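Biologist: I am new to this structure. Please take me through its interior, and show me how the buried parts are packed.

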Amino acid sequence: MRRKVALVMVHTSPLEQAGTGDAGGMNIYVIESAKRMAAMGVDVDIYTRKVDNAQPEIIDFAEHIRIVHLNLPTGTKKEEIPSLIPALSLDFKTKVQGKGYSVIHSHYWISGKIAMAAAKEFNIPLVHTMHTMARVKNLALAEGESPEPMIRVQGESQIVEAANALIANTDAEAASLVSLYDACPDNVRVVAPGVDLYSFTAEGRDSRQKLNLDPKKLIISFVGRIQPHKGPEVLIRAINEMMTHNPELRANLQVLITGGVSGAKSNEDIRLRELVNWLKLDEVIKFLEPISRDKLPDLYRASDLVCVPSYSESFGLVALEAQACGTPVVATAVGGLRTAVSDGISGVLVDGHDPRAWASVLVRLVSEPDRRKHLAIGAIEHAQRFGWRATAENLLAIYEDLLRKKDTSRALA
């Protein structure tokens with residue numbers, strides 16, 4: 001018999017495009033790991049929200065993968081969901097009862113809170129992946145960024161206590177779970193996310209022609225949600241430093257900021273466009289709408305460098321995808337980016353968010369094509385270490401371990 005697993009991801013749907021709204025790396029993580037689990041003999045149901053009212057309650061997404069919608073009104077903001085957790089928890093419990101799930105695996109704190117009651121009542125092992133943590137984010141806020149609310153901190157603490165296993169993306173994240181949330185070390189497992197090594201490849205260097213980009217310019221790209229925590233302003237101000245001290249670069253450099261605004265009532269995209277205009281960088285820095293997953297490899301391949309100036313990252317899938325496409329990455333030396341980028345081999349890690357430090361790194365890389373070629377080779381080799389199949393295999397091994405412990409406890413009772 002095939003195992004049945006319930007994945008829970010409520011505040012955004014796996015059907016939404018990453019880089020828009022609240023959709024990001026977690027969307028990719030959930031759907032890609034689900035695909036590999038299904039290929040390994042597991043039936044996967046993903047409990048989530050509707051993208052629009054026309055969607056049915058259940059969607060057959062792929063063979064052995066279903067999308068199951070919870071009763072959450074479309075258009076509800078992520079910030080509004082915590083007040084709905086009791087009703088969503090009851091809805092989830094009703095929908096999973098008697099369905100024969102072996103494991104419930106929740107993603108992000110809101111989903112963990114929704115899943116806790118059902119896991120406890122039906123004696124189903126609960127696995128949880130934080131993806132990001134409030135206490136970690138609050139230790140590294142961007143200027144002017146609001147701290148994560150106490151309700152999230154409390155919710156994450158409750159999930160840590162309730163979960164049978166906590167999945168961390170890196171050793172650093174595992175350490176944060178133990179030190180900041182008092183997680184039992186025996187319950188914390190490290191499973192690295194992956195990259196689609198079949199889609200994200202270095203092949204097809206005619207990408208600039210496909211995207212109508214100048215073949216002669218040096219292109220630096222930022223890909224992600226437009227929010228302070230992702231650090232696009234750091235890149236903008238670094239480019240300004242470069243133009244001030246190296247004005248000869250202005251005619252040869254193109255910077256692409258690709259992504260959608262994130263957060264309720266956020267005007268971050270407008271603010272950044274105004275900043276670019278005020279700095280007189282309109283000819284150098286261009287804003288692009290979020291790009292579809294099938295075209296994203298072309299953007300990475302078209303770029304000479306991809307920048308990830310985040311203030312914290314549990315992993316950083318953008319960095320991994322770019323490297324798989326043969327593009328070196330310049331990233332902040334924080335969290336999972338220390339694992340996703342091999343400093344000096346596949347890219348460069350920068351301490352902190354001082355635009356002058358970032359400008360210094362970028363100027364050296366822009367002026368040293370041979371070094372970029374060396375890093376490009378290292379980027380491809382480094383990315384090969386991470387595949388979604390390995391991620392799914394490790395997750396399933398953890399599920400099986402929990403089920404063995406459950407059977408042993410039942411036998412001893």
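Modeller: Start with the largest nonpolar core, in what is a predicted model. This core has 99 residues. Seven names stand out for touching the most other members: Ile46, Tyr47, Phe92, Ile104, Leu177, Tyr300 and Tyr399.

Take phenylalanine 92 from that list. Leaving out residues up to four places away in sequence, Phe92 touches Val8, Tyr47, Leu70, Ile104, Ile114, Ala115 and Ala118. Another core lies apart from the largest one. This other core holds 38 residues, including Leu235, Met243, Ile257 and Ala359.

Ala359 leads us to helix H13, which covers residues 355–366. Its 12 residues should span 16 Å, because each residue counts for 1.5 Å and the span takes one less than the number of residues. The end C-alpha atoms are 16 Å apart, so the expected span and the model agree. Which residues of H13 are buried? They are Trp358, Ala359, Val361, Leu362, Val363, Leu365 and Val366. An α-helix has 3.6 residues a turn, so residues three or four places apart point the same way. Several elements cover the buried residues of H13. Among the strands are E9 (218–223), E12 (305–308), E13 (329–332) and E14 (347–350). Helix H8 (232–245) and helix H14 (369–383) are also part of the cover.

Ile257, named in the 38-residue core, is also a contact of isoleucine 285. Isoleucine 285 sits in strand E11, residues 285–288. Its relative accessible area is 3%, so Ile285 counts as buried. Beyond residues up to four places away in sequence, Ile285 touches Ile236, Ile239, Gln254, Val255, Ile257 and Val276. Valine 51 is 234 residues from isoleucine 285 along the chain, and their C-alpha atoms are separated by 32 Å.

Now turn to tyrosine 29, in helix H1 (residues 25–39). Is Tyr29 buried or exposed? At a relative accessible area of 2%, Tyr29 is buried, because the cut-off is under 20%. Its contacts, without residues up to four places away in sequence, are His107, Thr129, His131, Ile167, Asn169, Pro193, Leu317, Trp388, Thr391 and Leu395. Asparagine 252 is 223 residues away from tyrosine 29 along the chain. The C-alpha atoms of that pair are separated by 36 Å.

Trp388, Thr391 and Leu395 are among the contacts of Tyr29. Helix H15 spans 388–412 and supplies at least two residues of the lining of the second largest pocket. Helix H3 (109–121) likewise supplies at least two. H3 gives the largest share of that lining, 4 residues. The second largest pocket has a volume of about 340 Å³. It is lined by 16 residues, and Ile124, Pro125, Leu126, Ala162 and Asn164 are the closest to its centre. By class, the lining has 8 nonpolar, 3 polar and 5 charged residues.

Last, two loop residues with an unusual backbone angle. Most residues other than glycine have a negative phi. Histidine 64 is not a glycine, yet its phi is positive, about 70°. His64 is in the loop between strand E3 (58–62) and strand E4 (65–69). With 31% relative accessibility, His64 counts as partly exposed. Aspartate 182 also has a positive phi, near 55°. Asp182 lies in the loop between helix H6 (171–181) and strand E8 (188–190). Its relative accessible area is 66%, so Asp182 is exposed.

Terms used:
Residues are numbered from 1 along each chain as its sequence is written. This is a predicted model: local features need pLDDT of at least 70, side-chain atom pairs count only at pLDDT 80 or more; totals for chains, interfaces and linings use all residues. Side-chain values use heavy atoms; hydrogens and water are left out. A nonpolar core is a set of buried Ala, Val, Leu, Ile, Met, Phe, Trp, Tyr and Cys residues joined through side-chain atoms within 4.5 Å. Buried means under 20% relative accessible area, exposed over 50%, partly exposed in between (1.4 Å probe, protein chains only). Contact means heavy atoms within 4.5 Å. On a 1 Å grid over the protein atoms alone, a cavity is a set of points where a 1.4 Å probe fits but cannot get out, and a pocket is an open set with protein on both sides within 12 Å along at least five of seven lines; lining residues have an atom within 4 Å of a point. Grid points are joined across faces, edges and corners, and a volume is the space filled by probe spheres set on the points. Ala, Val, Leu, Ile, Met, Phe, Trp, Tyr, Cys and Pro count as nonpolar, Asp, Glu, Lys and Arg as charged, and the others, Gly among them, as polar.
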